[in-house]
Amino acid sequence: MSSAASRPASAPFGPGHTDDLMTFLSASPSPYHAVANAAERLEKAGFRRVEETAAWDGTSGGKFVTRGGAIIAWYVPAGADPHTPYRIVGAHTDSPNLRVKPRPDMGTQGWRQIAVEIYGGTLLNTWLDRDLGLAGRLTLRDGSHRLVNVDRPLLRVPQLAIHLDRSANDGLKLDRQRHMQPVWGTGDVHEGDLIEFVAGEAGVDAEDVAGWDLMVHAVDAPAYLGRDRELVAGPRMDNLISVHAGVAALTALAGRDDLPYIPVLAAFDHEENGSEADTGAQGPLLGTVLERSVYARGGGYEDRARAFAGTVCLSSDTGHAVHPNYAERHDPTHHPRVNGGPILKVNVNQRYATDGTGRAVFAAACEKAGVPWQSFVSNNDMPCGTTIGPITAARHGITTVDIGVAILSMHSARELCGAEDPYLLANALVAFLEG
């Protein structure tokens with residue numbers, strides 16, 4: 001990749017972006033932390049928080065809304081018309097993991113354990129024999145929330161020794177209920193122990209805790225990998241790579257009043273279990289925010305319809321790099337490689353929303369940024385995953401293109417990407433948002 005001095009104006013990010021991504025991954029063990037960290041970065045760039053319950057004004061500049069594990073941010077250039085179209089980067093903040101049940105305290109045979117539920121399509125075996133922390137949010141009796149992050153070895157899901165299961169290497173079969181409950185100590189089980197402990201970590205009284213949304217995370221830090229450090233291993237790359245790149249791209253455009261579009265970042269929660277939530281892409285949050293922005297600038301329904309008709313969304317989510325040990329699982333003519341630039345994801349059955357029009361928009365952005373790109377399509381014999389892309393296209397009538405960074409070990413507790421791909425993606429997003 002070219003040096004910073006020779007990068008196009010629409011390609012402001014270099015290797016330092018990947019260093020910053022690793023910091024973001026470590027600081028964001030839950031969707032709520034990812035939103036808080038994104039909001040902090042936006043505020044430092046001059047964006048201001050607006051409340052959904054307040055009246056909005058039509059002033060220009062950067063604004064954002066948060067709701068739980070979702071954040072919508074946008075920048076209105078000075079002089080933007082009510083019918084000015086949007087350029088949207090879509091992403092999601094959640095990742096497959098283990099989440100704490102309503103009655104968490106359990107145990108047997110002298111072990112104290114935590115009752116967890118499987119969230120999303122996680123690779124269960126990647127959570128075995130790994131040092132785990134606990135993070136999320138507490139809801140207090142007054143309705144406020146408190147983030148908590150126990151980022152040290154606290155839990156462990158111990159695997160059965162091979163001496164007691166000689167067939168383990170012939171095909172490990174894990175029972176999601178019996179085999180995935182982590183241990184966190186020994187002794188008698190007392191109801192309320194976990195929440196009392198977590199409340200103490202958050203600096204609140206356990207009696208003030210009315211609810212919780214807590215999840216397990218691996219505590220080993222992201223790291224460069226390989227002889228030449230050309231790879232990065234870390235947690236939650238699916239899909240905090242895209243959230244981080246979207247925040248970076250949007251803040252890079254702050255203060256730009258020559259933009260022909262209104263750039264937007266829409267990072268949703270609950271993509272990993274179908275997006276059916278008030279903070280998910282199936283919900284009304286994005287449409288409501290975009291409509292209110294139109295109306296706040298003096299527009300009406302006609303302006304809203306004109307703005308949406310000219311809007312394009314890049315649904316940015318990770319995709320599958322060709323696996324060196326399982327190349328036969330990939331389409332024989334489409335082998336995306338790490339450090340080869342972002343991938344354009346295509347599925348004619350609309351598991352991805354990309355069509356020829358979207359391809360042209362994405363290709364133009366990459367060309368403008370000087371970023372290489374690749375195509376991805378699933379092997380015909382393999383089921384294809386999906387994203388927020390088709391949901392966004394169908395729900396809002398918006399032209400949508402599915403893209404992302406190619407990774408290995410998707411949905412593992414620890415995934416793998418190329419060290420160049422995060423900043424190649426961010427540079428492509430800047431060029432796209434610029435129009």
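Two strands are taken to pair if DSSP finds at least two bridges between them. On that footing, R67 in this predicted model stands opposite A70 in β3.

The pairing of β2 with β3 is a good place to start. These strands run in the antiparallel sense and are joined over seven bridges. Their hairpin has two residues between the strands, and G68 there takes a positive phi near 60°. On another side of the story, β2 also pairs with strand β1 (residues 48-49), this time in the parallel sense and over two bridges. Here R48 stands opposite K63 in β2. Strand β2 (residues 61-67) has five of its seven residues buried, so it is largely enclosed by the rest of the structure.

Helix α3 (residues 193-202) offers a second view of the interior. Its buried residues are D193, L194, I195, V198, A199 and A202. The spacing in that list is worth a moment of the reader's time. An α-helix has 3.6 residues a turn, so residues three or four places apart point the same way. As for what covers the buried residues of α3, the strands involved include β5 (97-108), β6 (111-119) and β7 (132-140), along with β8 (145-155), β9 (183-186) and β10 (209-218). After the helix comes G203, with a positive phi near 80°.

Attention now turns to the empty space inside the model. Three cavities of 30 Å³ or more are present. The largest cavity holds about 160 Å³ of space. Its lining is made up of 21 residues, and those nearest the centre are S95, P96, N97, W127 and R236. Two elements, β10 and α4 (237-252), give two or more residues to this lining. Of these, β10 provides the largest share, three residues. Strand β10 thus appears twice in this account, as it is also among the elements that cover the buried residues of α3. By class, the lining of the largest cavity consists of nine nonpolar, eight polar and four charged residues.

The second largest cavity contains about 50 Å³ of space. It is lined by W56, D57, G58, T59, K63, W74, V76, S293, A296 and R297. At least two of the lining residues come from β3 (70-76), and at least two from α5 (285-296). The classes here are four nonpolar, three polar and three charged. This cavity leads back to the strands described at the outset: K63, one of the residues in its lining, is the residue of β2 that R48 stands opposite.

Notes. Residues numbered from 1 in each chain as written. Predicted model: local features only at pLDDT ≥ 70, side-chain atom pairs only at ≥ 80, totals over all residues. Heavy atoms only, no water. Buried < 20%, exposed > 50% of the residue type's maximum accessible area, 1.4 Å probe, protein only. Helix = DSSP H or I, 4+ residues; strand = E, 2+ residues; numbered from the N terminus. Contact = heavy atoms within 4.5 Å. 1 Å grid on protein atoms, 1.4 Å probe; cavity = no way out; pocket = protein on both sides within 12 Å on 5 of 7 lines; lining within 4 Å. Points joined across faces, edges and corners; volume = space filled by probe spheres on them. Nonpolar A, V, L, I, M, F, W, Y, C, P; charged D, E, K, R; others polar.
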